[in-house]
Amino acid sequence: MLISKLCHEAHETAKKKGWYDQPIETATQLALIHSEVSEALEADRKGTEEEFAEELADICIRVFDTAGSKGIDLQHHILRKMELNKHRPYKHGGKKY
Ligand SMILES: [Mg+2]
């Protein structure tokens with residue numbers, strides 16, 4: 001329930017702040033998520049633990065907003081994937097990473 005609420009709130013806040021005044025492409029949404037991942041990398045390289053945590057939160061907020069904008073039930077998909085992952089083989093059958 002909480003993740004669904006966060007998706008709704010993240011998207012409502014983004015709309016109120018004008019980020020959806022014009023149509024936004026999925027590719028742009030994904031690029032913005034990626035930009036937060038890059039910020040997290042930089043925070044890990046030369047920032048504080050607090051800054052790193054803040055960037056991880058930014059990643060989640062962008063993902064929540066994207067899911068909220070598309071009416072995706074992210075909570076359902078996360079729970080489903082986490083359950084599937086429990087049954088995958090060790091290192092998913094031999095992957096290096
Ligand atoms: Mg950021």
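Trainee: Let's start with Glu83: is it buried, partly exposed or exposed?
Mentor: Keep in mind that this is a predicted model. Buried would need a relative accessible area under 20%, and exposed one over 50%. Glu83 comes out at 38%, so it counts as partly exposed.

Trainee: Which residue does Glu83 form a salt bridge with?
Mentor: Look along helix α4, residues 74-86, for a residue about one helical turn from Glu83. The partner sits 3 residues apart from Glu83 in that helix. With the closest N and O atoms 3.2 Å apart, the partner is Lys86.

Trainee: And what is the relative accessible area of Lys86?
Mentor: Lys86 falls in the exposed class, and that class needs a value over 50%. The value for Lys86 is 61%.

Trainee: Moving to the metal, which residues are the protein donors of the magnesium ion?
Mentor: The donors follow the spacing E-x2-E-x15-E-x2-D along the chain, so you're after three Glu and one Asp in that order. Two of them, Glu36 and Glu39, lie in helix α2 (residues 26-46), about one turn of the helix apart. Lying 2.0 to 2.2 Å from the ion, the set is Glu36, Glu39, Glu55 and Asp58.

Trainee: Of Glu36 and Glu39, which one is buried?
Mentor: The cut-off for buried is under 20% relative accessible area. Glu39 has 36%, so it is partly exposed. At 8%, the buried one is Glu36.

Trainee: Glu36 also meets another side chain in a salt bridge; which residue is that?
Mentor: This pair links distant parts of the chain, with Glu36 in helix α2 and its partner 26 residues apart in helix α3 (residues 49-70). The partner is partly exposed, with a relative accessible area of 28%. At 3.8 Å, N to O, the side chain that meets Glu36 is Arg62.

Trainee: How far apart, N to O, are Glu42 and Arg45 in their salt bridge?
Mentor: Both lie in helix α2, 3 residues apart, about one turn of the helix. Glu42 is partly exposed at 27%, while Arg45 is exposed at 61%. A salt bridge has to fall within 4 Å, and this one does so at 2.8 Å.

Trainee: Which residue joins Glu42 and Arg45 in a network of salt bridges?
Mentor: Glu42 and Arg45 already meet in a salt bridge of their own. The network takes in one further residue, Lys46.

Trainee: How many salt bridges does the count come to?
Mentor: Among them are Glu36 with Arg62, Glu42 with Arg45 and Glu83 with Lys86. With a limit of 4 Å between side-chain nitrogen and carboxyl oxygen, the count comes to 6.

Note on methods
Residues numbered from 1 in each chain as written. Predicted model: local features only at pLDDT ≥ 70, side-chain atom pairs only at ≥ 80, totals over all residues. Heavy atoms only, no water. Donors = N, O, S within 2.8 Å, 3.2 Å for Na, K, Ca; no water. Helix = DSSP H or I, 4+ residues; strand = E, 2+ residues; numbered from the N terminus. Buried < 20%, exposed > 50% of the residue type's maximum accessible area, 1.4 Å probe, protein only.
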